[in-house]
Amino acid sequence: MVRKQLEISLLVSLTCLLLFPSIFTVRANATTRTSTSTTTLQTSDPQVLDYKIQDQRGDQEEGGGHKDLGDEEEEINPYVFEYDRDFVSRVKTEHGRVDVLQQFTKNSNLLSALANYRVEILEANPLTFITPAHIDADFVLFVVKGRGAITVIHEEIKRETSNLECGDIFRVHADTTFYMVNRDEYEKLYVAKILFPVNLPGNYEAFYGAGGGDSESFFEAFSWDLVEAALNTERGRLEKIFKQQQGKIMNATKQQIEALSQDEEGVRGSNGAWPFPSNVSGSPFNLFKKGAIKSNNYGDLYEADPRDFKPLEYLNLIVSFASITQGSMAGPFHSKAAKIFIVVEGEGYFEMTCPHHSSSSGSSSPTYQNISSHLRRGTIFIAPASYPVAIVASNNSTLKLLCFEVNAQANIRYTLAGKGNVIDAMHIEAKELAFGVAGIEVEQIFRNQMDCFFFPGPQQRQGSRADT
C-alpha cells in the first residue's frame, strides 16, 4: 500500500514538472538573485562604497566626472589605488612587511602601458634584518623615511654595502642577491620600489635561500641527494639551517646591524651630488642633495634623471619628488612619461583631463572629462602620458609625493599655466586663430599667473579675492 502511494506521488511530481515548468524556473531564479545579492554585499567594502559616494558628489558639484568610461571604471577609479585596499602582503612578520600593489591592469586595460611595472613597499622596524633573496626583476628603490643599508653580491662574489638615508635612490639588477637592514634604533624604515619583471610580464618572484617563517628555502625544492652532494653535507645538518622559523624580517642586535652596515672594502654612501653624476651602479644617489629644480613659496620639485644617476638610463626612468605647501597646487602640466604618484605624506586631491570617445555621438573627436580623487598617505594615482594633471594640497597639511616616471627618455614637463607655459610660447597669430579672440587677450590671460609650476590653490585664491 505504501509503495503504491509513493508511486502515485512520484507520478504527480513528474506531471507538474512537465506541465508547469515556470514554477520551478521562478524559484531557481529567485535563488540565483539572492545568491548574487549576497556576493555583491560581501565585495562592496566601505572604502569602495565611500569612493562611489565621493565620486557622485564630485560629479554634481563640478558638473563633470567620468560616468561614460564604462561600468567597470565607474565602480573603481582605474587611475587610483589605495594602500589598504589594493596591496597584498608578500612578507609579513611582527618586525615588518613587504606589500605589493596589484597589477595596474587588474581593474582596467586603460593602463596597459604599465602592464610590466609593479610597485612594492617595504616597512621595517628599528634594528631589523631583511633576509637575503634574489628577484627575477630589475628594481629601483627610493628611501621614503629612515636609515638603512643594503648589501648586494655582484659577479665574482664581490660584496658591496651601501648606507641608505631618506631621499636615496638605488638600483638592483635582476637575479642579484641582496639583503637589507634598518640601522636606526628608533625610527622605522620605509622604502618604495618600482620593479621591472624579466620573466613573465607583470609578474615576479623572490627566491629565498634561507627560507624562514611560512616559506621554504629554494634549496628544499631540489632532491636531498643533489643538495647533499652539492654542499658536501649530510641531510640532518642541511635541514637545520633551511628550516629556521624566524621569518624574512627579524630583529638583530645593534652590534650585528653595525657589522651589516659596512664591510672590509669600505661602506658606500650617497654619491653623485649634483652637478657630478653618479655612474657607479653600487652607489646610491640622493635626490634631495641635488636641490630642487623648481621652487617657490608654494612648493618644491626634485628630479633625478639618467644624467644624475646613470643606472636610470637602462630602465628609461626618472624619479621625482614634489612637496606642495598646504593650500597650494602644482600644474596643470603634461609630459611624455607616464607618472606613478605615491602619496607619502599629507592630504589633498588631484584633477586630470581624460579623453573619451563616445560611439553614440557619431563624432571621432574626443570629449574631455574630469577625473579626480581625494589623496591621502598611501594613495597611488596614475597620470598617463600626455594627460594634463593638477595636484592640490589641503589647507591643513603639506602634500608630499614620490613619482616614478616611466618611458621617460627625452621627457619634457610642459606647464599649462604660469611662467613659461606652452600656450604663451605660441605665435600671437596662432593664439588668435585657435581661441577665436584677439591674440593679445589670450596672452594677457596666460601671463596673469607670474609664478612657475607651483601656485596658490583654488581656496587660497578665493580667500585672497575675498580679502580684497
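Biologist: How many cavities of 30 Å³ or more does the count come to?
Modeller: The count comes to three cavities of 30 Å³ or more. Please keep in mind that this is a predicted model.

Biologist: How much space lies in the largest cavity?
Modeller: The largest cavity holds about 110 Å³ of space.

Biologist: Which residues are closest to its centre?
Modeller: The lining of the largest cavity consists of 14 residues, and L301, S320, A322, F333 and F341 are the closest to the centre.

Biologist: Which strands supply at least two residues of that lining?
Modeller: Strand 17 (317–324), strand 18 (328–335), strand 19 and strand 24 each do so.

Biologist: And what is the lining of the largest cavity by class?
Modeller: There are ten nonpolar residues in the lining, together with one polar and three charged residues.

Biologist: Let us stay with strand 18. Where does P332 lie, and is the peptide bond from G331 to P332 cis or trans?
Modeller: P332 belongs to strand 18. The bond that joins G331 to P332 is cis, and its omega is near 10°. As background, most peptide bonds are trans.

Biologist: Now the sheets. What is the order of the open sheet that contains strand 19 and strand 24?
Modeller: That open sheet has seven strands in the order 1-22-19-24-17-16-15, and their pairing is antiparallel. Strand 1 (80–81) and strand 15 (294–296) are its edge strands, each pairing on one side only.

Biologist: How many bridges are there between strand 19 and strand 24?
Modeller: Strand 19 (residues 338–345) pairs with strand 24 (residues 399–406) over seven bridges, in the antiparallel sense. For one residue pair, I342 has L402 of strand 24 as its bridge partner.

Biologist: What is the order in the open sheet that holds strand 6 and strand 9?
Modeller: This open sheet of seven strands runs in the order 2-3-4-11-6-9-14, with antiparallel pairing. Strand 2 (87–93) and strand 14 (285–286) are at the edges; each has a single partner strand, so one side of each is left without a neighbour in the sheet.

Biologist: How many bridges join strand 6 to strand 9, and which residue does L141 stand opposite?
Modeller: Strand 6 (residues 137–145) and strand 9 (residues 168–172) run antiparallel and are joined by four bridges. L141 stands opposite F170, a residue of strand 9.

Biologist: Changing topic to the helices: at what angle do helix 6 and helix 7 pack?
Modeller: Helix 6 and helix 7 pack at about 95°, and their axes are 10 Å apart. Helix 6 is therefore roughly perpendicular to helix 7. The contact involves W224, V227, E228 and L231 from helix 6, with R235, L238, E239 and F242 from helix 7. By class, the contact of these helices has five nonpolar, no polar and three charged residues.

Biologist: What about the loop between them; is the phi of N232 positive or negative?
Modeller: N232, in the loop between helix 6 (224–231) and helix 7 (235–242), has a positive phi of about 55° although it is not a glycine. Most residues other than glycine have a negative phi.

Biologist: At what angle do the axes of helix 11 and helix 12 cross?
Modeller: The axes of helix 11 (residues 428–435) and helix 12 (residues 439–446) cross at roughly 95° and come within 8 Å. Helix 11 is therefore roughly perpendicular to helix 12.

Biologist: Which residues make the contact there?
Modeller: Helix 11 contributes I428, K431, E432 and F435, while helix 12 contributes G439, I440, V442, E443 and F446. By class, the contact of helix 11 with helix 12 comprises five nonpolar, one polar and three charged residues.

Notes
Residues numbered from 1 in each chain as written. Predicted model: local features only at pLDDT ≥ 70, side-chain atom pairs only at ≥ 80, totals over all residues. Heavy atoms only, no water. Pairing = 2+ DSSP bridges. Axes fitted to C-alpha atoms, helices over the stretch in contact; angles between N-to-C directions. Parallel < 35°, antiparallel > 145°, perpendicular 65-115°, else oblique. Contact = heavy atoms within 4.5 Å. Nonpolar A, V, L, I, M, F, W, Y, C, P; charged D, E, K, R; others polar. 1 Å grid on protein atoms, 1.4 Å probe; cavity = no way out; pocket = protein on both sides within 12 Å on 5 of 7 lines; lining within 4 Å. Points joined across faces, edges and corners; volume = space filled by probe spheres on them.
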